[in-house]
Amino acid sequence: MFSKQRLDSYASAQEHFANLELIGRIAPMLLMIEICLRNSIDNRLGGVASNWLYDSQEDFIQEAIKKENDNLPKHLRGHATLSHHQLISKFSFGFWLKVLDRVQNIGVFVDVSAIDLQKYYAKNNEIVNNRKISDYAKIKAIFSLVCKIRNRAFHAENLKKLDDRDMPVIRAKFGKNVFRVEGSKIEEFLQDVFKLFEMQDSRVGNSKIPTTNAIIKSIDL
């Protein structure tokens, strides 16, 4: 059923199935984080320009829009375009990481001060040249790590795999800094990231977003 190459990255078949169980537990959290991320970015950029997607001068944004509109059914191509909200739901996690570079120019869209990256891997260091990394650098690192977890999870790859230096393969590089998440800390990391959006929504009085505990409880059921 499973290829030798896939099983070779695990100590045993049991470890492989344990990885699949972990993926099953974190999948709802990954999806909710992705939804919250894209909506938070859209809310921030939409406050500056309501039609920011179609009005953007960024080549990668216009290319992404063209690709989605070109995927419309044949009878609609050239006669209709996807709405702003339809596009928001179709773009990849990688697309939103690129958009974060634009958000940087108009302020931080989520408060990440509650996240201590060293909590998820002891060698993570938020101090560079005796100065704490910027909020933007931390945001980019956090969501790059989420994206790496997401991509490995949804391709059923080993989330707890170590590289040739016995370091977690879940890693994100920002400048000269490399941040990692240990396999045993993945669930805690994702829960803490999701809580950032819970706190953000509580400040603006939005009660529609499900709580972390509610999601965890639904998974347990």
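Which residues in α6 are buried? I began my notebook with this helix. The model is predicted, and I kept that in mind for every entry.

**Entry 1: helix α6**

I looked up the buried residues of α6 and found Phe93, Phe95, Trp96, Leu97, Val99, Leu100 and Val103. Next I asked what covers the buried residues of α6. The cover includes α2, α3, α4, α5 and α7. I then took two of these helices, α4 and α2, in turn.

**Entry 2: α4 against α6**

I noted that α4 spans residues 59–70 and α6 spans residues 93–103. Their axes come within 10 Å and cross at roughly 145°. The crossing of α4 past α6 is left-handed. On the α4 side I listed Phe60, Ile61 and Ala64. These meet Phe95, Lys98, Val99 and Arg102 of α6. Sorted by type, the residues of this contact are five nonpolar, no polar and two charged.

I also checked Glu58, which sits in the loop between α3 and α4. Is Glu58 buried, exposed or partly exposed? Glu58 counts as partly exposed, because its relative accessible area is 36%, and partly exposed covers the range between under 20% and over 50%. The C-alpha atom of Glu58 is 9.4 Å from that of Val99, although 41 residues separate the two along the chain. Val99 is one of the α6 residues that α4 meets.

**Entry 3: α2 against α6**

At what angle do α2 and α6 pack? The angle is about 35°, and the axes are 11 Å apart. This crossing is left-handed. From α2, the contact uses Glu34, Leu37, Arg38, Ile41, Arg44 and Leu45. From α6, it uses Phe93, Trp96, Val99, Leu100, Arg102 and Val103. I sorted these residues as well: eight are nonpolar, none polar and four charged. Val99 and Arg102 appear in this list and also in the contact with α4.

**Entry 4: the nonpolar core**

How many residues does the largest nonpolar core have? I found 56. Those with the most contacts inside this core are Phe109, Phe143, Phe189 and Leu190. At least two core residues come from each of α2 (13–46), α3 (52–55), α4, α5 (84–90), α6, α7 (135–153) and α8 (186–204). In soluble globular proteins, nonpolar side chains tend to be buried together.

I picked Leu190 for a closer look. Leaving out residues up to four places away in sequence, Leu190 touches Ile26, Met29, Leu30, Ile33, Val146 and Ile149.

**Entry 5: a charged residue in α8**

Asp192 is found in helix α8. Is Asp192 buried or exposed? Asp192 counts as buried, because its relative accessibility is 13% and the cut-off for buried is under 20%. Which residues does Asp192 touch, not counting residues up to four places away in sequence? I found Ile115, Lys119 and Tyr120.

**Entry 6: the hairpin of β3 and β4**

I turned to strand β3, residues 171–174, and strand β4, residues 177–180. The two strands pair in the antiparallel sense over four bridges. One pair I looked up was Phe174, whose bridge partner in β4 is Asn177. Two residues lie between the strands of this hairpin, and Gly175 takes a positive phi near 65° there.

**Entry 7: positive phi in the loop before β3**

I then looked at residues other than glycine with a positive phi. Ala156 has a phi near 55°, and Asp166 has a phi of about 60°. Ala156 is in the loop between α7 and β3, and Asp166 lies in the loop between α7 and β3 as well. I compared their exposure. Ala156 is partly exposed, with a relative accessible area of 23%. Asp166 has a relative accessible area of 60% and is therefore exposed, since the cut-off for exposed is over 50%.

**Entry 8: the whole chain**

I finished with totals. The protein chain has nine helices and four strands. Read from the N terminus on, the order of elements is α-α-α-α-α-α-β-β-α-β-β-α-α. What share of the 221 residues is buried? I noted 41%. Among contacts with a separation of 6 or more, 69% join residues 24 or more positions apart. The contact of Glu58's neighbouring helix α4 with α6 was my example from Entry 2 of two helices meeting.

Key:
Residues numbered from 1 in each chain as written. Predicted model: local features only at pLDDT ≥ 70, side-chain atom pairs only at ≥ 80, totals over all residues. Heavy atoms only, no water. Axes fitted to C-alpha atoms, helices over the stretch in contact; angles between N-to-C directions. Left-handed = near helix turned anticlockwise from the far one by under 90°. Contact = heavy atoms within 4.5 Å. Nonpolar A, V, L, I, M, F, W, Y, C, P; charged D, E, K, R; others polar. Core = buried A, V, L, I, M, F, W, Y, C linked by side-chain atoms within 4.5 Å. Buried < 20%, exposed > 50% of the residue type's maximum accessible area, 1.4 Å probe, protein only. Pairing = 2+ DSSP bridges.
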